[in-house]
Amino acid sequence: MVCGCLIANWQCLSPAAKSRVGVIVSGKVGGAVQRSRVRRLLRETFRLHQHELAQPVDLVLVARPSIAGRAYAAVEKEFLKALRIAGLLKE
């Protein structure tokens with residue numbers, strides 16, 4: 001599912017499992033420093049909001065080139081919007 005600066009793919013897990021995240025950032029996003037920053041932003045956003053998921057999921061986030069240079073708040077907003085549209089968040 002495409003939402004702004006990222007693409008989210010997921011697979012629902014059994015209730016006993018823990019949620020996990022994988023982050024993919026291509027070279028189109030920028031240099032190594034920029035790609036590492038994007039990975040850190042996405043992992044931190046997941047870490048802070050994983051308790052809000054309705055059920056455990058394996059989540060793969062693919063960063064689009066438009067994510068380069070965005071602030072944490074903007075990335076967090078896009079992340080939550082994507083999960084809300086996908087119906088993965090608790091009500």
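Student: Take the contacts in the chain with a separation of 6 or more: what share comes from residues 24 or more positions apart?
Tutor: This model is predicted: local features need pLDDT of at least 70, side-chain atom pairs count only at pLDDT 80 or more, and totals for chains, interfaces and linings use all residues. Residue numbers start from 1 along each chain as its sequence is written, and side-chain values use heavy atoms, with hydrogens and water left out. A contact is a case of heavy atoms within 4.5 Å. The share from residues 24 or more positions apart is 83%.

Student: In what order do the elements of the chain run from the N terminus?
Tutor: Helices (H or I, at least four residues) and strands (E, at least two) are DSSP runs, numbered from the N terminus. The chain has two helices and four strands. Their order is β-β-β-α-β-α.

Student: What radius of gyration does the chain have?
Tutor: The radius is taken over C-alpha atoms, and the globule rule is 2.2 Å times the number of residues to the power 0.38. For 91 residues the rule gives 12 Å. The chain comes close to that, so it is as compact as a globular protein of that length; its radius of gyration is 13 Å.

Student: How are the four strands of the sheet ordered?
Tutor: Two strands count as paired if DSSP finds at least two bridges between them. The sheet is open, and its pairing is mixed. The order is E1-E2-E4-E3.

Student: Which strands stand at the edges?
Tutor: Look for strands with a single partner strand. One side of each is left without a neighbour in the sheet, because each has that single partner. The edge strands are E1 (2–3) and E3 (20–25).

Student: Which residue of E2 stands opposite Val 2?
Tutor: E1 and E2 run antiparallel and are joined by two bridges. They form a hairpin with two residues between them, and Gly 4 in the turn has a positive phi of about 65°. Opposite Val 2 in E2 stands Ile 7.

Student: Which residue of E4 is the bridge partner of Gln 11?
Tutor: E2 and E4 are antiparallel, with seven bridges joining them. One opposed pair is Ala 8 and Leu 61 of E4. For Gln 11, the bridge partner is Asp 58.

Student: In which sense do E3 and E4 pair, parallel or antiparallel?
Tutor: Strand E4 covers residues 57–63. Ile 24 has Val 62 of E4 as its bridge partner, and Val 25 has Ala 63. Over six bridges, the sense of pairing is parallel.

Student: How many of the seven residues of E4 are buried?
Tutor: Buried means under 20% relative accessible area, exposed over 50%, and partly exposed in between, with a 1.4 Å probe and protein chains only. E4 is largely enclosed by the rest of the structure. The number buried is five.

Student: How far apart are the end C-alpha atoms of helix H2?
Tutor: The expected span is 1.5 Å times one less than the number of residues. H2 (residues 72–86) has 15 residues, so it should span 21 Å. The model agrees, with end C-alpha atoms apart by 21 Å.

Student: What covers the buried residues of H2?
Tutor: Those buried residues include Val 75, Phe 79 and Leu 83. Their cover includes E1, E2, H1 and E4.

Student: Which residue shares a polar contact of 2.5 Å with His 49?
Tutor: A polar contact is a pair of N or O atoms within 3.5 Å; within protein, one must be able to donate a hydrogen and the other to accept it, and residues adjacent in sequence count only if both atoms are side-chain atoms. His 49 lies in helix H1 and is buried at a relative accessible area of 10%. The side chain it joins is that of Glu 76.

Student: How far apart in space are Leu 80 and His 49, C-alpha to C-alpha?
Tutor: Leu 80 is in helix H2 and is buried, at 14% relative accessibility. Leaving aside residues up to four places away in sequence, Leu 80 touches His 49, Glu 52 and Leu 89. Leu 80 and His 49 are 31 residues apart in sequence, and their distance in space is 8.4 Å.
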